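Below is a short report on a ligand site and a domain interface. Keep the structure in view while reading.

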Amino acid sequence: MVKMLQCLVVLVSLVVSVHGLDNGLALTPPMGWMSWERFRCNIDCKNQPNDCIGEKLFMDMADRMVEDGFKDAGYEYVNIDDCWASKERDSAGKLQADPDRFPSGIKKLADYVHSRGLKLGIYNDFGTKTCGGYPGSLGHLEVDAKTFAEWGVDMLKMDGCYADVKTMPQGYPNMTKALNATGRPILFSCSWPDYERASKIQPDYKLIAKNCNIWRNYIDIQDSWDSVLKIIDYYAQEQDTLAAVSAPGSFNDPDMLIIGDFSLSVEQAKAQMAMWSILAAPMLMSNDLRTISPEFREILLNKEVIQINQDPSGKMGKRVMQSGNVEVWSRELGFLDEYALAFLNRGTEGTPLNFTVQLKDLGLRPGIYFLIEIFEDKDIDDFDTDSYFSTVITPNGVSFIHAYPSQFYNSV
Ligand SMILES: *[C@@H]1O[C@H](CO)[C@@H](O)[C@H](O)[C@H]1NC(C)=O
Ligand SMILES: *[C@@H]1O[C@H](CO)[C@@H](O)[C@H](O)[C@H]1NC(C)=O
């Protein structure tokens, strides 16, 4: 079942204001693929030619994104993380790719990715060295911004290892200016608030949102459910601060999707996908798209979840209820009382639990709703917020509901 907004309502709701970095990018959370979580700093292309940080990996992933439906679903960026560079700058002081692992160079790789209708992201570091020990950008911000623009790069993640954290509120905006001065729109991902948090400095999120399209707040995701839960807990703890700055052009980044890697079960994968959509998070997969199994691919391609993630309001959801092992998260969607509700069961008792609640207790505006249980593909028509709503949640899993206000929607 598809719900369509009535035309009149669409006209009223078209105005979206952008408060974030004014480069026209990331009006909805960016979607794509990134090498770090799954492939790390594996530079052993001699022995592991398919799994090392080299041009083949990124070309393979671009191919899979196009041919296996990811591009059509909205995944767009192919992002190189750390360990791509040569240990030395060239004679003109420019960064250069490792010549053995990227024999064609980054410009050629960008051309290839563009030829497939996708965009290329790259990585640098604000300090003297990257976290992996490659050349940093301190003192080279302008030349590095120009180099990336000349290569045709579309997104930049700037990390913060080997740096003086106190200079970041000045230094990151310097890079924002340097990127802007190139004339090429480059989506800017900042690690700045994560380093401030780690140094017990309160991030100035207004300033961050003015200078970055997306930003990391918290520690790197690892390949484990425990890591996913830790990130969710951090977001719950900081939700008022973080939700206040989530908007078109500027999004909190809880780090990559690890769906299809070694650790998450199918139910846990659904939970990460649902929660990242509730959080209006960038959807950057870090997995091996060449070998991913169909059940994980299907989760990553779920249209209704992606639609929620990409909601044009750009609002971040919040935890609205905790009850035993269940926590309920709610995100306002659209501009007219539409919601996504994630019922997350953190329990490990081996049987699905039945959870019952009145929707009015979850902050929904009182009224009649049409509900879709997304992963079960079940609909409930004409549901009153005063009625008791019951849903079954698997252990370490989620029940994910899209609630449309009946008065504004027609079934088609
Ligand atoms: C930022 O740029 C200003 C103006 O060019 C400069 O004075 C300052 O040192 C820079 N700060 C950092 C941390 O890069
Ligand atoms: C540079 O900044 C100006 C003013 O904020 C903005 O209008 C323009 O689109 C930006 N250009 C790029 C390439 O980011």
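Ligand 2 is surrounded by Asp22, Asn23, Asn180, Gly183, Arg184 and Pro185, each with a heavy atom within 4 Å of the ligand. The protein buries 54% of the 360 Å² that ligand 2 exposes when taken alone (Shrake-Rupley areas, 1.4 Å probe). One nonpolar, three polar and two charged residues make up this shell; Gly counts as polar and Pro as nonpolar.

This is a predicted model: local features need pLDDT of at least 70, side-chain atom pairs need 80 or more, and totals for chains, interfaces and linings use all residues. Residues are numbered from 1 along each chain, ligands are numbered from 1 and chains lettered from A in written order, and side-chain values use heavy atoms, without hydrogens and water.

Two side chains place a polar atom by an oxygen atom of ligand 2:

| Residue | Distance to ligand 2 oxygen |
|---|---|
| Asp22 | 3.2 Å |
| Asn180 | 2.3 Å |

The protein has domain 1 (20-309) and domain 2 (318-411), with bounds from an automatic or database assignment. Their C-alpha centres lie 31 Å apart. Contact (heavy atoms within 4.5 Å) takes 25 residues from domain 1 and 23 residues from domain 2.

Together the domains bury about 2,100 Å², 66% of it on carbon and sulfur atoms; this is accessible area (1.4 Å probe) lost on being put together, summed over both parts. On the domain 1 side, Ile278, Glu304 and Ile308 lose the most area, together 28% of what that side buries.

Two salt bridges link the domains (side-chain nitrogen of Lys or Arg within 4 Å of a carboxyl oxygen of Asp or Glu). Asp240 and Lys318 form a salt bridge, with closest N and O atoms 2.9 Å apart.

Key: A polar contact is a pair of N or O atoms within 3.5 Å; within protein, one must be able to donate a hydrogen and the other to accept it, and residues adjacent in sequence count only if both atoms are side-chain atoms. Buried area is the accessible area (1.4 Å probe) that two parts lose on being put together, summed over both.
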